[in-house]
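Me: I'm new to this one. Can you walk me through it?

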Amino acid sequence: MHKIPLFKIHTDQADIDAVTLVIKSGRNWAIGPEIEEFEKALADYVGAKYSMVFNSGTSALHALMLAYGFGPGDEIIVPSFTFIATSNAPLFVGAKPVFAEIEESTFGLDPADIERKITKNTKAIIVIHYAGNPCLIEQIKIIADKHKLILIEDAAGSLGSSVGNKKIGMFGDSAMFSFCGPKVIATGEGGAVVTNNKDIYEKMKLVRSHGRLETENYFSATGYMDYICLGYNLRMSSMTAALGLSQLKKINTLIALRQKNAEYLNKELSTIKQISLPMARENNVNIYQLYTIYVKGGQAQRDNLKKYLNDKGVAAKIYFEPIHITSFYQTLGHKKGDLPRTEKISSEVLTLPMYPDLTKEEMDYIVQEINTFFKKL
Ligand SMILES: Cc1ncc(COP(=O)(O)O)c(C=O)c1O
């Protein structure tokens, strides 16, 4: 067991009270009023017209793929340096994920490589904002508009990040957030979509709940509701939404604590020449969902540092290994060497512990051990 974990969830009595209230009510544990309250608060926070919550970020992406009507023959450009759900989402509906390279400044998609990967079958681009740091989203938006492609932001870990005074999630036609454990606000499992696109919102509503035309709470209503298309059950529970709403009320504090910790680590680690540190581009707000350093000495050095820190009780992990070299994607025809820049970056990054309640003592210990590792070389 690591002494310093990769993440800890910040929670308080208000979270417990919020969930308890729903439980004690003894009713509406599904489709309760907390769902719409959470959705409204999320939409307001990001600045979107519509928001819809789901039982996971992956379900939210799945619903988006169905709502846009992507299917066989469609190509969707995605990064390989991401969590596997980003590229699995097109596969869920029979569409083809097409991998593009990432660039060094944000570890997000490289606009030039996106353009190279566009074909007559390309329908959409799904970007990610790595670790809470905005990608080159403004340049990518220009490309999407020029080629009439749908731009979707997989902003799983980037609730609260921004470019200028516009929140991440408001650059694409729609965006997804995740609320699983290590994210900025956590509900155990959970996700959401924000969009200004009414048509997509309406379609997602059907997809989320069996294709049912819900005029009121299905569980307490006694009248007949028609089913008008194929749908799933991708709904979030009322307890989860109550927790999400309570967490969202704290988001400014949660982000400020992460930023303060990242600033401290950036300052204390800045003298180590063998690594580079996670910095936001000018005008961008990084909310440091992860704190990822870049080890300049190559993969062996990175792997040695990872092992050294793990042995010293510091959880350090690789986010992300490229998707295209997983066994599953190799069965789809992808192979090592397909994306040299992605593979190089992925072989040299190392994610260190980062969470709101990370203490100065813990950070000093991490810094001291990294210093000791490089001094021993
Ligand atoms: C970039 C990215 N996309 C998608 C997901 C999937 O979200 P969830 O775990 O809520 O299904 C995650 C979550 O870890 C993620 O980091």
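What follows is a quick chat about the fold, the ligand shell and a few odd spots.

Me: What kind of model is this, and how are residues numbered?
Reply: This is a predicted model: local features need pLDDT of at least 70, side-chain atom pairs count only at pLDDT 80 or more, and totals for chains, interfaces and linings use all residues. Residues are numbered from 1 along each chain as its sequence is written.

Me: How many helices and strands?
Reply: The chain has 13 helices and 13 strands. Both are DSSP runs, numbered from the N terminus: helices are H or I with at least four residues, strands are E with at least two.

Me: How compact is the chain?
Reply: As compact as a globular protein of 377 residues, because its radius of gyration is 21 Å, close to the 21 Å from the globule rule. That radius is taken over C-alpha atoms, and the rule is 2.2 Å times the number of residues to the power 0.38. Along the principal axes, the C-alpha atoms fill a box of roughly 75 × 55 × 40 Å.

Me: What share is buried?
Reply: 47% of the 377 residues. Buried means that 20 or more other C-beta atoms lie within 10 Å of a residue's own; exposed means 12 or fewer, partly exposed is in between, and C-beta atoms are placed from the backbone.

Me: On to sheets. What is the order of the seven strands?
Reply: The order is S1-S9-S8-S5-S4-S2-S3, in an open sheet with mixed pairing. Two strands pair if DSSP finds at least two bridges between them. Strand S1 (50-54) and strand S3 (96-100) are the edges, each pairing on one side only.

Me: How much does the sheet twist?
Reply: The twist averages 20° from one strand to the next. Axes are lines fitted to C-alpha atoms, for helices over the stretch in contact, and angles run from 0 to 180 degrees between N-to-C directions.

Me: What does helix H2 touch?
Reply: Helix H2 (residues 33-46) packs on the sheet and touches S1 and S9. Its direction makes about 130° with that of S1. Contact means C-beta atoms, placed from the backbone, within 7 Å.

Me: Is Lys40 in that helix buried or partly exposed?
Reply: Lys40 is found in helix H2. It counts as partly exposed, with 13 C-beta neighbours inside 10 Å.

Me: Which way do S8 and S9 run?
Reply: Strand S8 (residues 174-178) and strand S9 (residues 191-195) pair in the antiparallel sense over five bridges. One pair of bridge partners is Phe177 and Ala192, the latter in S9.

Me: And S4?
Reply: Six of the seven residues of strand S4 (residues 122-128) are buried, so the strand is largely enclosed by the rest of the structure. Strand S2 (residues 75-79) runs parallel to S4, joined by three bridges. Strand S5 (residues 150-154) is also parallel to S4, with five bridges. Ile128 stands opposite Asp154 in S5.

Me: Which strands make the other sheet, S10-S12-S13, and which are its edges?
Reply: Those three strands form an open, antiparallel sheet in that order. The edges are strand S10 (275-276) and strand S13 (349-352). Four bridges join strand S12 (residues 291-295) to S13, and Tyr294 stands opposite Val349.

Me: New topic. What sits around the ligand?
Reply: There are 14 residues around the ligand, and Gly57, Thr58, Phe83, Ala156 and Ser178 come nearest. Near means a C-beta atom, placed from the backbone, within 6 Å. Helix H3 (57-68) and helix H4 (85-92) each give two or more residues to that shell.

Me: What classes are in the shell?
Reply: Five nonpolar, eight polar and one charged. Ala, Val, Leu, Ile, Met, Phe, Trp, Tyr, Cys and Pro count as nonpolar, Asp, Glu, Lys and Arg as charged, and the others, Gly among them, as polar.

Me: Where is the backbone unusual?
Reply: Most residues other than glycine have a negative phi, and most peptide bonds are trans. Ala131 has a positive phi near 65°. It lies in the loop between S4 and helix H6 (137-146), and counts as buried with 24 C-beta neighbours inside 10 Å. Tyr288 has a positive phi too, about 50°. Its loop runs between strand S11 (284-285) and S12.

Me: What about the peptide bond from Tyr319 to Phe320?
Reply: That bond is cis, with omega near 5°. Phe320 lies in the loop between helix H10 (299-311) and helix H11 (327-331).

Notes. Two residues are in contact if their C-beta atoms, placed from the backbone, lie within 7 Å.
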